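I opened a fresh page for this structure today. My plan is to start with one whole chain, then follow one helix, then see where two chains meet.

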Amino acid sequence: MLLTICTVRQLPQAFALGDSFRHFAGQAATAPILIGLVDSADALPAGFTSPYTLLPVAELVPADELATLSAQYTPTEFAAACKPLFIAEAFRRYPDVNNLVYADPNGQFLFPLTTLWHKLDTATILLTPFVTRSLSAGEPDEKFLQNIGLYSADFLAFRRSSETDRMLDWWDERVRTRAYVNFCAGLCLDQIWLMHVPVFFRQARVIRNPGWHTALWNLPERTLTPEADHWLVNGPAGEKDPLLFFNFKGLLNPNEGFFTHQNRLRMSDKSPVSVLLATYRQAVDQHKLPVMNSHPAAYGQQPEPPVLRGWRYAVVKSTRTVVRFLDTVYLPAIR
Amino acid sequence: MTIAFTICSINYLAQARTLGNSLRQTNPDYTYIIGLVDRLDQATLPPDLLPDYPIIEIDKINIPDFPAMCDRYDITELNTAVKPFFIDYFYTNYPALEQIIYFDPDIIVFQPLHKLNQDLRQYSMVLTPHECFPTSDWERPNDLHHLNTGIFNLGFIGLRNDDTARQFVNWWKQRLIYECRIDLCNGLFVDQLWVNFAPVYHDNVLVEHHPGYNVAYWNIHERTLSEDADGQWWVTSLTDEPDQPLQFFHYSGYDPYKPDAISKYQTRYTFGERMDTKPLFELYRTRLLANHNDRYRQYPCVYVKPPNVLRYKRVRKVLKSPLTKLIAFLERQ
């Protein structure tokens, strides 16, 4: 089955993701698609029917805890804090389901998922790293990846198993109350905790295939080539792999995600990414409703950190360098 | 040929000798070398303090612009930054070299490391995670601490002499020239945090779960120790697997002059709660003292600099004030 988590504003993307899963899931084409709503369902227009099952967070988290979490987190942190809970609940609600794919609403499936189901025959948890080879000069650098975690929490797959249950319990216990983005404290959403997963959970596997989870952050190390009905991805090791899953985070909305100031990927109109993005935009637009666009998220009352552009970004960046210099520069004692 | 090596300054030579003696006893076919972040010509050690092991001083392995590195780093950063430079030196200068094993000086090896040597015939690198099972409380250290200091403990690394390992070591060297600092907010923790990338960038890395490797304060929540009638040490882990022989114990943060504390870096256990580990620490204390710890610790390292005192905090604050206001203003827009 497929699970995603989103706000009302992101629903069109979640629907597009659901459509792509339906198309490519193969043997699981009739499997459930569940949308965890980290938002209030009240904003949906009267008579609105969702093509996929919606599960509002209020059905999972008691009202007093919901209020506490909402008050302490930004909307992004709030959604992250609820993720393990939603995954566990999906397994509980659908007892016949064995394999569960979690995907961020920015994702789209682009190739039959046979290899994914196949990998889950021998693994309980699948993770994908942001990048699979050393980064060239540019922003962000490898140190920043250490701050956010090396495995992306936007695409995960699980097989029903006692190991998966243990992982979800462990993750939930940590993430519910510690989903802050606070690099100095070693925290970054639900994501940085995944650093422990390949060690703690022996049947977890890290998938380094270039066609799995291609995105803004790893396109500089990969090359896309169009085929008749799919795309091929060339990875750092030269291997060719069909493009299975693409994450449009930071491409559809440049202010979203951790790569808002990346400067490695430069898009041209005819680049494969532009082609993919244009098709994705169409897929999302067909689900758009005006009310969704203007709706602010109901949970996560802390403000998201601002994304600055142009001269403001340049000024703040250099001012921070000066502040850091004043903080650390050696000054001899005046006698 | 297998090289086992450690890195330390003269004040830690009792530890390095204790490690060397344990290797001589358990793995006599290894060539054990001490990488010294210090200068013997300036210390003039009496003959009985000169270890019976080859010593290679840090200024002799051709680290590019080494004086500048000394200026940049404090003693902890410097001692850790030189690790891949030593590894590269061994790769270059010992043509028969097949395997390199690094141990922190505060380790004792208890067994012939057959599994490790066997694994290094197959894998390019062997790494030990701090913990193989989560901690169940928030005492120090817990799952969170390892997130910004590193999943793997770099008191140990095993490397084969192959292209993958050399490629990794070159990458690691490049990072450590300038970025072997402790700056958690910016994703830096000496040489150790960088090694998180090893299994992400390379296929052929073994993450070792054997409970007898690198036993230390950070993983005794998942391991208990016992000694049998023959004096052999065994480790019981949380898995259903049978007990495994203790391979090597890491006495990180243990002070033989404060023998009642397991480690200055941990708050989880007292010896009263972990009597199983107590004889291992007593053994270590006895060996350190027999290896002249009292005398070695008197030698200051030539590379130690006076601590960087941050003077004029008020002046700095006044100068920064308009700048932080400007940042806040621009971020509000």
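**Entry 1: chain B as a whole.** I am working with a predicted model, which I note here at the start. I first looked up burial, and 43% of the 333 residues in chain B turn out to be buried. Next I tallied the secondary structure: chain B has 12 helices and 14 strands. Its C-alpha atoms fill a box of roughly 70 × 50 × 45 Å along the principal axes. I then checked the radius of gyration; a compact globule of 333 residues would have one near 20 Å, and the 21 Å of chain B agrees with that. Of the contacts in chain B between residues at least 6 apart in sequence, 73% join residues at least 24 apart.

**Entry 2: helix α1 of chain B.** How far apart are the end C-alpha atoms of helix α1 (residues 13-26) of chain B? I found 20 Å, which agrees with the span expected for 14 residues at 1.5 Å a residue. I also saw that α1(B) is mostly covered, with 10 of its 14 residues buried. Among them are B:Leu13, B:Ala16, B:Leu19 and B:Leu23. What do the buried residues of α1(B) pack against? My list includes the strands β1 (2-8), β2 (31-36) and β4 (99-103), and also α10 (278-290), of chain B.

**Entry 3: where A meets B.** I looked up the contacts between the chains: 34 residues of chain A touch 34 residues of chain B. On the chain A side, α5 (142-148), α6 (162-175), α7 (197-200) and α10 (310-328) each give two or more residues. The largest share, 9 residues, comes from α10(A). Sorted by class, that side of chain A has 20 nonpolar, 7 polar and 7 charged residues.

Key:
Residues are numbered from 1 along each chain as its sequence is written. Chains are lettered from A and ligands numbered from 1 in the order in which they are written. This is a predicted model: local features need pLDDT of at least 70, side-chain atom pairs count only at pLDDT 80 or more; totals for chains, interfaces and linings use all residues. Helices (H or I, at least four residues) and strands (E, at least two) are DSSP runs, numbered from the N terminus. The radius of gyration is taken over C-alpha atoms; the globule rule is 2.2 Å times the number of residues to the power 0.38. A residue is buried if 20 or more other C-beta atoms lie within 10 Å of its own, exposed if 12 or fewer, and partly exposed in between; C-beta atoms are placed from the backbone. Two residues are in contact if their C-beta atoms, placed from the backbone, lie within 7 Å. The expected span of a helix is 1.5 Å times one less than its number of residues. Ala, Val, Leu, Ile, Met, Phe, Trp, Tyr, Cys and Pro count as nonpolar, Asp, Glu, Lys and Arg as charged, and the others, Gly among them, as polar.
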